[in-house]
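Biologist: Please take a close look at one part of this model for me, after a word on the whole chain.

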Amino acid sequence: MVLLLCISSTSDAFTLLSRQNQRTMKPTLLAAASSGEDSTLTRVPDDDEGVAIPFLDRTENSFIECYADSIITVGDVEYTIGVPCDYCVALCYFDDKENLIPVELNDDLMDDIFPFAESIVSEEFEEELVLQRTPQTLTLVGELEDDDTDMDDEDEDDDEEDEEYDGQDEVEVLVTFEHRDKEYNLVRLMDPVLLVGKVDSERPDLRVLLTPEESDNIMPQLEAAFLKYHEDEGTNSILP
């Protein structure tokens with residue numbers, strides 16, 4: 001049985017659903033299109049599809065592997081839009097109002113519960129799945145059962161969905177556990193998660209994740225270019 005819930009979206013990475021693309025993002029698209037430098041989006045060459053690229057977080061000295069989806073050029077700077085190679089997951093808990101709250105990656109609570117959650121995943125799935133503390137989003141390495149079937153069902157639900165996007169992301173509960181007398185859930189993020197990186201000047205085969213300051217400055221324009229491309233092409237397809 002698959003249990004689906006909704007989680008408030010808090011990540012700096014941008015998550016995209018067809019509902020969100022068509023409605024919530026349109027004001028951003030209009031605002032970004034009228035200011036800043038010109039931007040262009042190109043899809044990655046076929047030979048580069050499915051090639052894992054490390055996206056580096058220099059602050060935390062860590063990385064997350066992504067498949068390149070597209071490249072957005074703003075002025076003379078190229079930004080690679082990447083889709084994490086592994087499942088994007090989060091650790092969450094319910095507050096007093098029964099809202100599902102994600103634990104922030106840089107929170108002290110994450111430092112406390114992550115090692116415990118990591119061991120729970122190891123016990124529950126043995127060598128099939130491994131929980132990793134990667135930049136921007138936790139990831140689960142391995143293969144989930146009936147993944148293709150679940151994704152097909154999700155696509156059908158999205159096609160039939162007529163309600164406006166409500167600012168929350170749908171998640172699938174994978175594991176529930178208790179730690180220090182409190183219940184936590186490891187959930188899979190069902191919405192696509194896209195990360196943005198610039199080419200590493202020393203290693204062109206790597207990408208460097210944006211700093212918070214860079215993200216504040218450039219993300220609206222990158223989102224605008226990405227959404228405009230998919231609207232013009234009449235598709236919401238995203239790798240992998």
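Biologist: Among contacts in the protein chain between residues at least 6 apart in sequence, what percentage join residues at least 24 apart? Then go through helix H3, residues 108-125.

Modeller: This is a predicted model, in which local features need pLDDT of at least 70 and side-chain atom pairs count only at pLDDT 80 or more, while totals for chains, interfaces and linings use all residues. Residues are numbered from 1 along each chain as its sequence is written, and side-chain values use heavy atoms, with hydrogens and water left out.

The percentage is 66%, where contact means heavy atoms within 4.5 Å. The protein chain has five helices and 14 strands; these are DSSP runs numbered from the N terminus (helices H or I, at least four residues; strands E, at least two). Of its 240 residues, 43% are buried, that is, under 20% relative accessible area, with exposed over 50% and partly exposed in between (1.4 Å probe, protein chains only).

Now H3. Its 18 residues reach 26 Å from the first C-alpha to the last, close to the 26 Å expected, the expected span being 1.5 Å times one less than the number of residues. At the N-terminal end Asp-107 acts as a cap, with a side-chain oxygen 2.7 Å from the backbone nitrogen of Leu-109. Further along, H3 has a kink of about 35° at Phe-114, shortly before the proline Pro-115; the bend is the angle between axes fitted to the seven residues ending at a residue and the seven starting there. After H3 comes Glu-126, with a positive phi near 55°.

The buried residues of H3 are Met-110, Ile-113, Phe-114, Ala-117, Ile-120, Val-121 and Phe-125. For the largest nonpolar core, take buried Ala, Val, Leu, Ile, Met, Phe, Trp, Tyr and Cys residues joined through side-chain atoms within 4.5 Å. That core has 21 residues, of which Leu-91, Leu-131 and Leu-140 touch the most other members. Strands S7, S9, S10, S11 and S12 are among the elements that each supply at least two of its residues, but H3 gives the most, seven.

Leu-131 shows how H3 is packed: leaving out residues up to four places away in sequence, Leu-131 touches Phe-114, Ala-117, Glu-118 and Val-121, and also Val-89, Leu-138, Thr-139, Leu-140 and Leu-186. Apart from this core lies another, of 15 residues, including Ile-81, Met-219, Phe-226 and Leu-227.

Note on methods:
A polar contact is a pair of N or O atoms within 3.5 Å; within protein, one must be able to donate a hydrogen and the other to accept it, and residues adjacent in sequence count only if both atoms are side-chain atoms.
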